[in-house]
Amino acid sequence: MTYQETLDWMFGQLPMYQQKGVAAMNAKLDNIVSFCNVLGNPEKKFRSIHVAGTNGKGSSSHMLASILQEAGYKVGLYTSPHLKDFRERIKINGKVVSEDFVVNFIEQHKPFLEYQKLSFFEMTVGMAFSYFAEEDVDIAIVEVGLGGRLDSTNIITPVVSLITNIGMDHTQFLGDTLEKIALEKAGIIKPKVPVVISETQPETKMIFNLIAHQLKSVIVFADDQPAKGYTTDLLGEYQKKNINGVVAAISQLKGFDVPEESISKGLANVIKNTGLLGRWQILQQNPLVVCDTAHNKEGLQLVLNQVQKQTYYQLHIVLGFVSDKDVKSVLQLFPKEAHYYFVRPSIPRGLDVGTLEEIAKEQGLMGEKYMSVQQGFQKALDNADDEDMIYVGGSTFVVAEVV
């Protein structure tokens, strides 16, 4: 198969949460354990940092990778979802996995994948772990896909665990309270492995303390001693919270020499070192165009606070969601004085644009609907004057179509 045919097979044949939602969830680790046994247990052949959380886990993972690269290490980075190309999920020192590796890996293991009916995510995790082992990385930063306890990545025993924060997202899988969600995320805490919590939250602090104590794991709440004096090329103001967690995680990392200069340079050069996209990404000036992948209540609240701090004459918002979000409560955060361009991301579970427009109008948000993200984005560009601002967001998949 060609690279494109391989991707088509991966995306089409097997269930994938990003495309299908709840129907694709297989809440057991049996499949990934079996697959990694077949692969020779690559997850045991490299050291790792495991990163979970509702918001900030992608940014934090890229920060950690950038810092360790600056310190001279060969660093694997596994994240999800991708924005433009599947290979963004699997990188070493910022360079994406080759098309040949993806094609050969799937070709070699296709009979097993078909027979066992592995999910898209399970096969991708196996691919990443095999690649990192084969390339003999010094350390891999592994981002949890969803939750923690039953996530396919949770077969690793890391040297440090990092949990960024807990918010009300994916409640249909993880529970309908912060406490229940915290229990799922805390599933990545391993016996005697230090765990860092980026943000202290009263509802979840006791749970993390209790589980860490049971497992005899050192626990650090990073905002007890905030990291001072660091700047990052990731422009969102919300990155300050992520920096606290990342610096605390590095301080818990044993057996690695990470000088202060590597932390400073790593945080300052995240985009250059890792290729991260879509975090308060400025696409152009005059008019100012910003996109951000924030897609739940807590994340969007932070981003919209930053939008309100910008200087502009008129605000244009290109907005789309996936259908499993509590869109009504999220839309209550959005400013009523903006002009809206309602769009549908081009994936099967993209929220119908008519439904979105209807819910938005009930919240007093006025605008027009467009059949594609590009159509809505182009109309916003046509309508905006140089002194205006355009914000594109609501879903990772909306941002993916404009970056």
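1. Lys205 and Phe221 make a cation-over-ring contact in this predicted model. The charged end of Lys205 sits over the Phe221 ring, 5.1 Å from the ring centre. Strand E8 covers 219-221 and is one of the two edge strands of its sheet.

2. A second charge sits over a ring at Tyr3. Here the charged end belongs to Arg87, and its distance from the ring centre is 5.7 Å.

3. Now the sheet that holds E8. The sheet is open and has eight strands, in the order E4-E3-E2-E5-E1-E6-E7-E8. Pairing is mixed. The edges are E4 (95-96) and E8 (219-221), and each pairs on one side only.

4. Within that order, E1 (residues 47-52) pairs with E5 (residues 139-143). The sense is parallel, over five bridges. Ser48 stands opposite Ala140 of E5.

5. Helix H10 spans residues 239-251. H10 lies across E6 (160-163), E7 (195-197) and E8. Relative to E7, H10 runs at about 160 degrees.

6. Further along the chain, E11 (residues 315-319) and E12 (residues 339-342) pair in the parallel sense, over four bridges. His316 faces a histidine there: His339 in E12 stands opposite.

7. E12 also pairs with E13 (residues 367-369), in the parallel sense and over three bridges. Tyr340 has Gly367 of E13 as its bridge partner. Between E12 and E13 the chain passes through helix H15 (residues 353-362). This β-α-β crossover is right-handed.

8. Aromatic pairs number 14. One of them joins Phe11 and Phe120: the ring centres are 5.0 Å apart and the planes meet at 20 degrees, under the 30-degree limit, so the pair is stacked. Phe11 lies in helix H1 (residues 3-13) and Phe120 in helix H6 (residues 120-134). The pair thus links distant parts of the chain, 109 residues apart.

9. Are the two rings' residues buried or exposed? Phe11 is partly exposed, at 26% relative accessible area. Phe120 is buried, at 0% relative accessibility.

10. Phe334 and Tyr340 form an edge-to-face pair. Their centres are 6.4 Å apart, with 70 degrees between the planes. Phe334 is buried at 3% relative accessibility. Tyr340, the bridge partner of Gly367, is buried at 0%.

11. Which residues do ring pairs link into a cluster? They are Phe35, Phe46, Phe101, Phe105, Phe112, Phe129, Tyr131 and Phe132. Among them, Phe129, Tyr131 and Phe132 fall within the range of H6, residues 120-134.

Methods: Residues numbered from 1 in each chain as written. Predicted model: local features only at pLDDT ≥ 70, side-chain atom pairs only at ≥ 80, totals over all residues. Heavy atoms only, no water. Pairing = 2+ DSSP bridges. Contact = heavy atoms within 4.5 Å. Axes fitted to C-alpha atoms, helices over the stretch in contact; angles between N-to-C directions. Right-handed = clockwise from strand over helix to strand, strands pointing away. Phe/Tyr/Trp six-rings, centres within 6.5 Å; stacked < 30°, edge-to-face > 60°. Buried < 20%, exposed > 50% of the residue type's maximum accessible area, 1.4 Å probe, protein only. Lys NZ or Arg CZ within 6 Å of the ring centre and 35° of its normal.
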